[in-house]
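Hi,

Here is the structure we talked about. Have a look at it first, and my notes on what turned up follow below.

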Number of protein chains: 2
Amino acid sequence: MIATADASAAAADVDAALAGIDATARELRRQSPAVRARQLSAIADALEGHRAELVAIAAGETNLEAARLNAELTRTTNQLRMFGRVVTDSRSRTEVDPADHVSGTPDVRRTTRPVGPVAVFAAGNFPFAFGVAGGDTASALAAGCPVVVKRHPGHPRLSVRTAEIVVQALAGAGAPHGTFRSVDGFDAGVALVQHPSIRAAAFTGSTAGGRALFDLAASRDRPIPFYGELGSMNPVFLLPDAVHADPGGVADGLVESFTMGAGQYCTKPGLVFHPSDYDLAGILAERLADSATLAMLSASGKDRYLRAVEQVAASTAVRIASGRLGDSVPLVLTTSLDEFIADIDRLQNECFGPATLLIEYDDVAQLVGAARALEGSLTASIFTSRETDAEDRAARTGLTALLDELAELAGRIIFNGWPTGVPVGRATTHGGPYPSSTAVLHTSVGVHAIDRFLRPITYQNAPPALLPVGLRNGSEHEGEES
Amino acid sequence: MIATADASAAAADVDAALAGIDATARELRRQSPAVRARQLSAIADALEGHRAELVAIAAGETNLEAARLNAELTRTTNQLRMFGRVVTDSRSRTEVDPADHVSGTPDVRRTTRPVGPVAVFAAGNFPFAFGVAGGDTASALAAGCPVVVKRHPGHPRLSVRTAEIVVQALAGAGAPHGTFRSVDGFDAGVALVQHPSIRAAAFTGSTAGGRALFDLAASRDRPIPFYGELGSMNPVFLLPDAVHADPGGVADGLVESFTMGAGQYCTKPGLVFHPSDYDLAGILAERLADSATLAMLSASGKDRYLRAVEQVAASTAVRIASGRLGDSVPLVLTTSLDEFIADIDRLQNECFGPATLLIEYDDVAQLVGAARALEGSLTASIFTSRETDAEDRAARTGLTALLDELAELAGRIIFNGWPTGVPVGRATTHGGPYPSSTAVLHTSVGVHAIDRFLRPITYQNAPPALLPVGLRNGSEHEGEES
């Protein structure tokens, strides 16, 4: 990228915003897990205390409804408290190889420590859960890392107000000054990911924007991990047995999933493979005949979406089954598997809005090849009741092969359900092969999101008094101390 | 990089060498952990069966002595068997969030699966342990990934022979055809890291070479993780109490550590901070007065080393305390802390051979700043008995601050010991901040090296019969089945 006057000014602003952050990191990593857990709780309490105010600001800036925003804020405070519980349970991240005085092998103990200051690029579609105090911020703070959020332009007032609340809550809970900071603007984001004090970055957004930042992170003198959650098509594979058992129910589920939040979810089902003898396009056209225009998060996001679907619909492979271009009504496009494969590069571009592409196939056996042709995705869904049909060995073998390809393709496989809605827990994977993530070993949601910000450190023959508290013998309950 | 005729030919060769590797990966990931463990054992047995032959070839190609090579081969077979035990203990890598029928949350289960074909760039200094069948190969195979080794030019016959033995052992143990492959030559390595079927790469070698490959891995259309173990200075901090208690013993230990293997270890102590009232340079000059020239691994490696020390010695900050330039005798350089800091970029360049730089300091309090100025390292060593001196609070506080900086700097902190020699176990970290590693979250040695090649995958509401075996209820002993 070419440095402009604006870029230089932004870099200077970022330098100023990050002043002293190395010292903050030192202070922060000295605090105990129990103290850190209290800080996360304090943020959750403070957000809860400002619920009405925050939801009102968010509703004014995003077109999202209060009920949805309230639910999202609850998810956000739950996440903060969950990470508080995670950090006080440090046992799973330590290893001890005891000394062997016969062979002369030393005492070796391994734990984890924070990677250092983390840059978080907040997302536009979840102003709370992937926003200033969202999962990336919560997991980085839980790991003991100072956080610098690049605020999202889609909800500027909410971002500033949330940042104020976080800063105040952290101060009240004894966090070092500067534990949380935030910056604003495109050029500031570019400067942030290149700042020498930043040791890792987390991003949720578009493939183009995320890839540009990934490239900057990788080309630093000292490269840093860049955890980008970029585009995802979330293919759905409808098998004949499932759709013929409940043709209407499957169609209803799809409508709800691809139009939810006006289709602005990273887990929106963008590709739906269905048998050619199941008239999904016809059922959807009927269901969606009277659909109103859906309000989108922002005018600029709507523009980007409309341009993206226009490009997809320009393919000679594609027909419109319901809805229309140039408007954010639910849009159903349809094609055949052969046509899809012939124009796959164009057709598997994410359209971030209420559109989905139906792909009809003739034979279940074609689906393995179709799955292999797809780019990486956060999720893959499969609808089937086949596993109970123990008689049909051939079908089960085919199903096993298809499931293997879905696991190659995605970070989460959903059976008989839709991809929107991410259960948050220990077993969560919200990530997957590129471009759904730039870091296929990691999840950006759930307990293991903290792993992104912890690095291993080994102590060899350390005197017990000089070991980190969590590595001393009998320290299994370390987290409970203060 | 500019494509040349040679590069095009190498790319075609790599394409040919990797033909069918996606199918190999599919077959391999279907095999059970117990089968995989037997394959690793079979490789270990086969190497053991060819011990005399392999050690003889290695001795002829590397100038390493038979005793050292025999010990290294034992370490290599131990590693293979260790990973066999690791894969049959899959419990630690699974998570289950049970369904909650009241709240309606689904059943969510997480396990890991192989990332896919792995490129391994073998190292020159450990022809067995970091060679064709070394730790990177063993951990990638253990994860269920096909491996393509880029053979090291320093021991071509050993590499080819080891590869033959590995291929035969894998075939005998039921591994799919093509589970292990190897390629040769610089251009082949460049093509390999960019090959679309390769999903991760592991490298041990120089900072320049590793960084070039890292950049290629990151700039792919679909970037892949690149686990590079590059340069490392392995600073040693000698505190006054320790050296004055045993001035001769400390010096003896240093001599042994920095000259071991002619200094061609990635953990060689390259920087030694010592109090100015401890005449380490004088003691070493005496100890090393009659040193003979040390045989190095290869003529080209010796050339690179001699050029590197010449550059360091050209600094006006540096004096020669023992040894001489232009010869691979043990070389002791010396400087003061102030001079070191003033020319630090030049002086913390790794010289891969029998040289070390002594840095004298006046006050222990200066060491925190010195540690902060250093680049990332695999190890940091500290010699002190301070922790027993409970009366001296100020000294302990200073020590705590210094230890914190060492942990920022390195992946392994060694107390009262030298960095050469890596204990291999569950608690091992052989990695650290850049440039010692390009992936600070990972280790390239020990049990957790396998983590580099496993990615998480989550199953939501999967019928039990369609879950991976390790995720089914009551499957805790899965690894013991065949």
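Let's start at the middle of the assembly: Ala218(A) comes closest to the rotation axis of all the residues of chain A, with its C-alpha at 3.3 Å. As background, two copies of a chain are related by a rotation about an axis and a shift along it. Here, chain A is superposed on chain B by a rotation of 180° with 0.0 Å of shift along the axis, and the RMSD is 0.0 Å. The two copies are thus related as by a two-fold rotation axis. The superposition is by least squares on the C-alpha atoms of residues with pLDDT of at least 70 in both copies.

Some housekeeping before the details. This is a predicted model, in which local features need pLDDT of at least 70 and side-chain atom pairs count only at pLDDT 80 or more, while totals for chains, interfaces and linings use all residues. Residues are numbered from 1 along each chain as its sequence is written, chains are lettered from A and ligands numbered from 1 in the order in which they are written, and side-chain values use heavy atoms, with hydrogens and water left out.

Salt bridges

Over all chains, the count comes to 40 salt bridges, a salt bridge being a side-chain nitrogen of Lys or Arg within 4 Å of a carboxyl oxygen of Asp or Glu. One to look up is the pair Arg113(B) and Asp404(A), whose closest N and O atoms are 3.2 Å apart. Arg113(B) sits in strand E2 (residues 108–114) of chain B and Asp404(A) in helix H17 (residues 393–409) of chain A, so this pair joins two chains. Helices (H or I, at least four residues) and strands (E, at least two) are DSSP runs, numbered from the N terminus. Both Arg113(B) and Asp404(A) are buried; buried means under 20% relative accessible area, exposed over 50%, and partly exposed in between (1.4 Å probe, protein chains only).

There is also a network of salt bridges that links Arg26(A), Arg29(A), Arg113(A), Arg372(B), Asp404(B), Glu405(B) and Glu408(B).

Within chain B, Arg81(B) and Asp45(B) form a salt bridge, at 2.9 Å from N to O. Arg81(B) belongs to helix H5 (residues 66–87) and Asp45(B) to helix H3 (residues 33–49), so the pair ties together parts that are 36 residues apart in sequence. Arg81(B) is partly exposed at 27% relative accessibility, and Asp45(B) is partly exposed at 46%.

Arg211(B) and Asp215(B) make another salt bridge, with 2.9 Å from N to O. Both residues lie in helix H9 (residues 207–218) of chain B, four residues apart, or about one turn of the helix. Arg211(B) is buried, with a relative accessible area of 14%, whereas Asp215(B) is partly exposed at 33%.

A charged patch

On the surface, Asp279(A), Asp338(A), Glu360(A), Asp362(A) and Asp363(A) form a negative patch. Patches are made of residues with over 30% relative accessible area and no salt bridge, with like charges joined within 9 Å (nonpolar side chains, meaning Val, Leu, Ile, Met, Phe, Trp and Tyr, are joined within 5 Å). Asp338(A) from this patch is in helix H14 (residues 337–342) of chain A, and it counts as exposed at 60% relative accessibility.

Backbone oddities

Where are the cis peptide bonds? One runs from Tyr434(A) to Pro435(A), with omega near 5°, and another joins Tyr434(B) and Pro435(B), with omega about 5°. Pro435(A) is in the loop between strand E14 (410–415) and strand E15 (454–460) of chain A.

Two residues that are not glycines have a positive phi. Asn461(A) has a phi of about 55°; this residue is in the segment after E15 of chain A and is partly exposed, at 38% relative accessible area. Asn63(B) has a phi of about 65° and lies in the loop between helix H4 (51–62) and H5 of chain B. Asn63(B) is partly exposed too, with a relative accessible area of 48%.

One last residue

Is Tyr305(B) buried or exposed? At 2% relative accessibility, Tyr305(B) counts as buried, and its place is in helix H13 (residues 299–313) of chain B. The C-alpha atoms of Tyr305(B) and Ala449(B) are 29 Å apart, and the two residues are separated by 144 residues along the chain.

Cheers

Methods:
Accessible areas come from the Shrake-Rupley method with a 1.4 Å probe; for residues, only the protein chains shown count as cover. Lys and Arg count as positive and Asp and Glu as negative; His and the chain ends are not counted. The place of a charge is taken as NZ of Lys, CZ of Arg, CG of Asp or CD of Glu.
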